[in-house]
Amino acid sequence: MNLVLVGFMGTGKTEVSKEVAERVGMRYLSIDKMIEEREGMNINDIFKEKGEEYFREVERDIVKEVSCMDSVVIDAGGGVVLNNENIENLKSSGVVICLKARPEVILHRMRNKTDRPLLNVRDKLTEINEVLDSRRFCYDKIEKSIDTSDLTIDEVAEQVRVIFKSLIG
């Protein structure tokens, strides 16, 4: 059984995934890192040179691969929820939990990040709100979620661990 964390950028997926993997003794995988390794370039460059549609195709292929694995904690990219097939594949082999945060918190957490294609705009808060609004219905389909806005990485990791253990028995 896998554990999958989804959610918008800045909600804590990467740090929480790493921490939970350590706590439950499972291997950590990042879908975004796998894409970068496979393509030999960072996500920003993939978006610039090959476009978002190409990126989403590669992402879909990697989601299929990791969904066939067992006993891994998967840090899924923020847009993985845009394709219902991705979510169905991830759910088929694991527990999916959505991490959420308020837009202002996301902006604060992402203030020094320059490697996020969606934030390469002048008015970052407006962009965050617009993208969150467009994806909200996708994130809301995930039955289990945690608002990370006012929690530490340790607190979120513990909540994730407890949910995961309660669901797998």
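Visitor: Is I43 buried or exposed?
Guide: Relative accessible area decides: buried means under 20%, exposed over 50%, and partly exposed in between, with a 1.4 Å probe and protein chains only. I43 has 11% relative accessibility, so I43 counts as buried.

Visitor: Which atoms do side-chain values use?
Guide: This is a predicted model, numbered from 1 along each chain as its sequence is written; local features need pLDDT of at least 70, side-chain atom pairs count only at pLDDT 80 or more, and totals for chains, interfaces and linings use all residues. Hydrogens and water are left out, and side-chain values use heavy atoms.

Visitor: Where is I43 found, and how far apart in space are I43 and I142?
Guide: Helices (H or I, at least four residues) and strands (E, at least two) are DSSP runs, numbered from the N terminus. I43 is found in helix α3. In sequence, I43 and I142 are 99 residues apart. In space, C-alpha to C-alpha, the separation of I43 and I142 is 25 Å.

Visitor: At what angle do α2 and α3 pack?
Guide: Two packed helices are described by the angle between their axes and the distance between the axes. Axes are lines fitted to C-alpha atoms, for helices over the stretch in contact, and angles run from 0 to 180 degrees between N-to-C directions. The axes of α2 (residues 31-39) and α3 are 9 Å apart, and the packing angle is about 115°.

Visitor: What is the handedness of the crossing of α2 and α3?
Guide: A crossing is left-handed if the near helix is turned anticlockwise from the far one by less than a right angle, and right-handed if clockwise. I31, M34 and I35 are among the α2 residues that meet α3, whose partners include I43, I46, Y54 and F55. The crossing of α2 and α3 is right-handed.

Visitor: What do the buried residues of α2 pack against?
Guide: The buried set in α2 is I31, M34, I35, E36 and E39. Contact means heavy atoms within 4.5 Å. The residues in this set pack against β2 (27-30), α3 and β3.

Visitor: Which residue follows α2, and what is its phi?
Guide: Look just past the helix end. The residue there is G40, with a positive phi near 70°.

Visitor: What is the phi of S71?
Guide: Most residues other than glycine have a negative phi. S71 sits in the loop between α3 and β3 (72-75). At 37% relative accessible area, S71 is partly exposed. Its phi is positive in a residue other than glycine, near 60°.

Visitor: Which residues does S67 touch, not counting residues up to four places away in sequence?
Guide: S67 has its place in helix α3 (residues 43-67). With a relative accessible area of 9%, S67 is buried. Outside that sequence window, S67 touches N2, N89, L90 and S93.

Visitor: How far apart are the C-alpha atoms of I97 and E143?
Guide: I97 is in strand β4. I97 counts as buried at 0% relative accessibility. Beyond four places in sequence, its contacts include L3, V4, L5, V6, V160 and I163. The C-alpha atoms of I97 and E143, 46 residues apart along the chain, are separated by 7.4 Å.

Visitor: What are the end C-alpha atoms of α7 apart?
Guide: The expected span of a helix is 1.5 Å times one less than its number of residues. Helix α7 (residues 153-168) has 16 residues, so 22 Å is expected. The end C-alpha atoms of α7 agree with this, at 22 Å.

Visitor: What arc do the buried residues of α7 cover?
Guide: The buried residues of α7 are V156, A157, V160, I163 and F164. They lie on the same side of α7, because their arc is limited. The arc is that of the directions from the helix axis to the C-beta atoms. For the buried residues of α7, the arc is only 130°.

Visitor: Is α1 roughly parallel or oblique to α7?
Guide: Their axes come within 9 Å and cross at roughly 55°. Angles under 35 degrees count as roughly parallel, over 145 as roughly antiparallel, 65 to 115 as roughly perpendicular and the rest as oblique. So α1 is, relative to α7, oblique.

Visitor: Which elements are included in what covers the buried residues of α7?
Guide: Helix α1 makes its contact with α7 through residues including V16 and V20, meeting V156, A157 and V160 among others. The cover of the buried residues of α7 includes β1 (2-7), α1 (13-24), β4 (94-100) and β5 (144-147).
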